[in-house]
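Dear colleague,

I am handing over the structure below, and after it I set out what was found in the packing of its helices and in its charged side chains. Please read the notes with the structure open beside you.

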Amino acid sequence: MPATASSGAGGHDARIVGLIGTGHFLSHFYMLCLAPLFPVWQAEFEVSYATLGLSVALMSATTALLQTPVGFWVDRYGARPFLVGGTLLMALSVAGMAFAPSYWVVLGLAVLSGIGNSVIHPADYAIMAGSVSKGFMGRAFALHAFTGNLGFAAAPPVIALLLTGMDWRMALLTVGLLGLPVVAAILAQTSVLQDQAKPAKQAEGPAGHALLFSRPMLLFFAFFLLSSVAGSGIQSWLVTVLGQLWGTPVLAASAALTAYMAGTTGGNLIGGWIADKSKRNLYALVTVLTLLAMAVLLLLGLVKLPETVLLVVAVVGGLALGISRTPRDVMLKEACPPGEIGKVFGFVSSSLPLGSAIAPVPMGLLIDLGHPGLVLPVVAGLLGLSLLCAGGAQESARAERAAAPAPAE
């Protein structure tokens, strides 16, 4: 079914998002399912906690590094075989950890799982671009992001619950084998997963690496990176900053962080609906929402708020940022040349884990140096810089489209 078809589009789109979203849920779930096992592994394998952290670091780093080259392969050979193979590899790798005789085998399997995980973003976005009807695209992107966040949220409690009734090996085997019915479902319904449309003859213009290092894509990369650094800064340090600035109890500050995260998750879904209904100027929408989030962050850093008001303000800030995220993804899709979505989303989305890795240390250093009051203004400033990058990216993409010759017949 082409992306512009409308007959029966609702059920078709839901089916696509359900298939893709389940795999995306698993990819995020597997990213966080190892950390709850660290105390058990530390006793069993007799390794340091720093060494235990390597399992998560290697899985994440492998995923981030391989997303871009996998995106090239997705664009060239099609997304479906990579989606099936990647989902199967990451699931079997996690299941294989159940039989690991030493921690070094766990590390090797973590790398293999990261290789499988690296296909998810480029393959998912390429399939959604080719399978989902145009009027549902924003909501599809929003639901895709939501399933990933749900995977992150579910992993720690699920592993903890499994450990109450079985040992860690059986727990990992159980969650690893969950990937098999997902792969089976994708294979059984592969006919509805259509690849992105490609022009019969590609017009002359930037291709391959030249496209990724073009001005619009580098600015989109910076836009996503700065947004990720800011988001990671809030998640890592909001509780500490509120405590040091205003003496906010840990319970109240943690509730504020939870309210912010709930707002972000809910806002993401709202943003998908808005992106589908209002496509004329997504940048203006992103600008207004980001400025609102910046104002909330500055308020939290400048004024001591009653605990009830603190929760409300945190939800508003989270909603603003969450709503802005899906229009951001749609802006990137609209800037993609036909047939290039895999490599573009693989490249740009690799900035998200990079941003999460960058933020905690320098912002923690600000607190160590006695300047906790600077953390939230720095985060707000990063969001402001991200807006400048977004505006530049959109204008550059428009200029390139206007200057490009028409495709040959």
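A salt bridge here is a side-chain nitrogen of Lys or Arg within 4 Å of a carboxyl oxygen of Asp or Glu. Please keep in mind throughout that this is a predicted model.

By that rule, the side chains of E340 and K343 form a salt bridge, with N and O 2.4 Å apart. Residues count as buried when their relative accessible area is under 20%, so E340, with a value of 8%, is buried, and K343, with a relative accessible area of 6%, is buried as well. The pair does not stand alone, since D75 is linked with E340 and K343 in a network of salt bridges.

The count of salt bridges in the model comes to 6. Another of them joins the side chains of R139 and D276, with an N to O distance of 2.6 Å. Because R139 belongs to helix α7 (residues 137–163) and D276 to helix α12 (residues 250–277), this pair ties together parts that lie 137 residues apart in sequence. The two partners differ in their surroundings: R139 is partly exposed, at 23% relative accessible area, whereas D276 counts as buried, at 11% relative accessibility.

A further salt bridge is found between R398 and E395, whose closest N and O atoms are 3.2 Å apart. Both residues are in helix α18 (residues 375–403), and because they are 3 residues apart there, about one helical turn separates them. R398 is partly exposed, with a relative accessible area of 36%, and E395 also counts as partly exposed, at 46% relative accessibility.

Turning to helix packing, α18 also packs against helix α17 (residues 360–368), at an angle of about 150 degrees and with the axes 10 Å apart. Angles over 145 degrees count as roughly antiparallel, and α17 and α18 are therefore roughly antiparallel to each other. On the α17 side the contact is made by M363, L366 and I367, and on the α18 side by V375, V378, V379 and L382. By class, this contact has 7 nonpolar residues, with no polar and no charged ones.

How do helix α2 and helix α8 pack, and at what angle? Helix α2 (residues 38–45) meets helix α8 (residues 168–177) at about 130 degrees, with their axes 11 Å apart, and the two are therefore oblique to each other. The crossing in which α2 passes α8 is left-handed. Its contact residues are V40, W41, E44 and F45 from α2, together with W168, R169 and L172 from α8. Those residues divide into 5 nonpolar, no polar and 2 charged.

Helix α8 has a contact with helix α9 (residues 179–188) too, where the axes come within 5 Å and cross at roughly 10 degrees. The helices α8 and α9 are therefore roughly parallel to each other. This contact is made by V175, G176 and L177 of α8 and by G179, L180 and P181 of α9. By class, it has 4 nonpolar and 2 polar residues, and no charged ones.

With best regards

Key: Residues numbered from 1 in each chain as written. Predicted model: local features only at pLDDT ≥ 70, side-chain atom pairs only at ≥ 80, totals over all residues. Heavy atoms only, no water. Axes fitted to C-alpha atoms, helices over the stretch in contact; angles between N-to-C directions. Helix = DSSP H or I, 4+ residues; strand = E, 2+ residues; numbered from the N terminus. Parallel < 35°, antiparallel > 145°, perpendicular 65-115°, else oblique. Left-handed = near helix turned anticlockwise from the far one by under 90°. Contact = heavy atoms within 4.5 Å. Nonpolar A, V, L, I, M, F, W, Y, C, P; charged D, E, K, R; others polar. Buried < 20%, exposed > 50% of the residue type's maximum accessible area, 1.4 Å probe, protein only.
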